[in-house]
Amino acid sequence: MARHKSATFDSHFPVTGEIIGTYLIHADDDVADAVASARIVFEAWQEIGFAGRKKVLLAWSKIILERSDEISELISRETGKPTSDAKLEVSLACTHLGWAARHAEEIMRTSHRSPGPIMANMSATVERCALGVVGVIGPWNYPIFTPMGSIVYALAAGNTVVFKPSEYTPGVGMWLAQTFEEIAPFAHIFTCITGLADTGRALCKSGVDKLAFTGSTKTAKVVAAACAKTMTPVVLECGGKDPVIIAADANLKRAADATIWSAMSNAGQTCIGAERVYVDEKVADQFIALMIDLAKTIHPGAPGLGNYGPATMPKQLDVIESHIKDALAKGGTAVFGGIGSMKRPFVEPVIFVDVPEDSTAVQEETFGPTLVINRVKNMNEAIALSNATRYGLAASVWSKRHGKKIASQLKCGMVAINSTISFAAIASVPFGGVKDSGYGRIHGAEGILEFTYSRTVVRTRFNIPIAFTSFKRTAGNDKLIIALSKLLKGRFG
Ligand code: NAD
């Protein structure tokens, strides 16, 4: 196949559109080479063992933290977000890196299972094995935190990794691979391949042993279909339309403060950010007034000048504008901002109230600094409306006394009670969604296990006079088996 190594693409500073970097478009054969090299070193990475991998991963974390100013600056340039937000993202990524490195061994320890009364002569164990080469495809909104949620858990479990970053943040991907190379005992354990959608497509069909995708639901479906052709298992971390439920007994000030940040920070480009609020009508006016007061205190701007930056991906601005128009056309009221808030590439905060539930502003992921606040009669209505979307990523519940009860009825992967987004910062808990928000889990023990397969090993400890698995089995043996089954009421194993 012809090599296309000369093909390149540019990354831009979203505030001005200025070109800030030029990167290779890796073609199918380049991707195949990267996966083949990663496969060759898989065994050596296995042989290093948990202790060796932990040492390498902690050394990587040290480098990332030591150069956090440098990488934060790059994240800020590629996404347009404030450098202080980028710094937070870097330190959260390293929290996960350290946790995965320190816990992989105990999570993957061989477990001993009960063989049951009839198989009591056997020992039964379940081992956890690394898969091989894991492909990771990442988005641009949290270009270090998000992909590292897959990369570091896969590496800690003993896999080698080939990473394709978003075409909007290729520099961050390359920086990660270069810093890893500095502490790696040998090459190809973790490599980065840059490019556009076609490079991602090539990774899906490259024969990796698992593909971890984070991005939009639309692309996730294409990725899952492509991977199905080679039976490549997938983890899909996709979009959301996360609800916030405010009960009548909520601490409204705290709820408003956290919700405005959840909705507007990072220009609303947070998969687990607040997109819609269901507030008890008894406290709705008070909550809305608090939100408007807070919205007045924030504004977008270039890094260093705003509370949040521009839309990183220019075409998202059309989606945001169409949702604003739809909310208004369907009869919603803009209580803060409106269509005039579009100051491309920036969007000023927009708050709607009483938006009909069939509006795209309520049903589809906006991924902008806009928020819908709808009043509800009671918490049952809030729960029903929260669940009435195709998404099921995360949610936030604000109530002094009923938080747990409300949370237990939400169909989503993560819920924060009297808090927002906090589960993403707790390395020990799994992260992921249901419905169109995806499947599979990153982070926590589940995130390590996601990049392993179980291998069952059973062993005869001593021989018994009944031959179950032999042509020598007698009618007497059959009788005994049936009698034992009846006696044990089917508790064979
Ligand atoms: P996207 O789907 O446009 O792209 C994601 C990645 O897929 C990019 O690297 C892109 O190059 C690649 N890609 C595109 N087409 C492909 C194809 N056909 N085959 C293989 N790869 C392909 O998403 P985005 O705009 O980069 O990211 C924003 C989305 O990501 C939002 O919907 C957001 O909610 C979601 N997100 C989810 C999580 C989560 O953990 N659930 C985290 C962050 C972002």
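**Exercise 1.** Characterise the second largest cavity, which encloses about 60 Å³ of space.

*Solution.* The model is predicted; local features require pLDDT of at least 70, side-chain atom pairs count only at pLDDT 80 or more, and totals for chains, interfaces and linings use all residues. Residues are numbered from 1 along each chain as its sequence is written, and side-chain values use heavy atoms, without hydrogens and water.

Step 1. On a 1 Å grid over the protein atoms alone, a cavity is a set of points where a 1.4 Å probe fits but cannot get out, and lining residues have an atom within 4 Å of a point. Points are joined across faces, edges and corners, and the volume is the space filled by probe spheres set on them.

Step 2. Of the 15 lining residues, Ile272, Ala395, Ser396, Thr420 and Ile421 lie nearest the centre.

Step 3. Strands are DSSP runs (E, at least two residues) and helices are runs of H or I (at least four), numbered from the N terminus. S18 gives the most to this lining, with three residues.

**Exercise 2.** Which residues lie nearest the centre of the largest cavity?

*Solution.* Step 1. The largest cavity has a volume of about 80 Å³.

Step 2. Pro243, Ser386, Tyr391, Gly392 and Cys412 lie nearest its centre, among 15 lining residues. H13, S17 (391–392) and S18 (394–398) each give two or more residues to this lining.

**Exercise 3.** Which residues of helix H13 (residues 379–387) are buried?

*Solution.* Step 1. Buried means under 20% relative accessible area (1.4 Å probe, protein chains only).

Step 2. Met379, Ala382, Ile383, Leu385 and Ser386 are buried.

How values were computed: Buried < 20%, exposed > 50% of the residue type's maximum accessible area, 1.4 Å probe, protein only. 1 Å grid on protein atoms, 1.4 Å probe; cavity = no way out; pocket = protein on both sides within 12 Å on 5 of 7 lines; lining within 4 Å.
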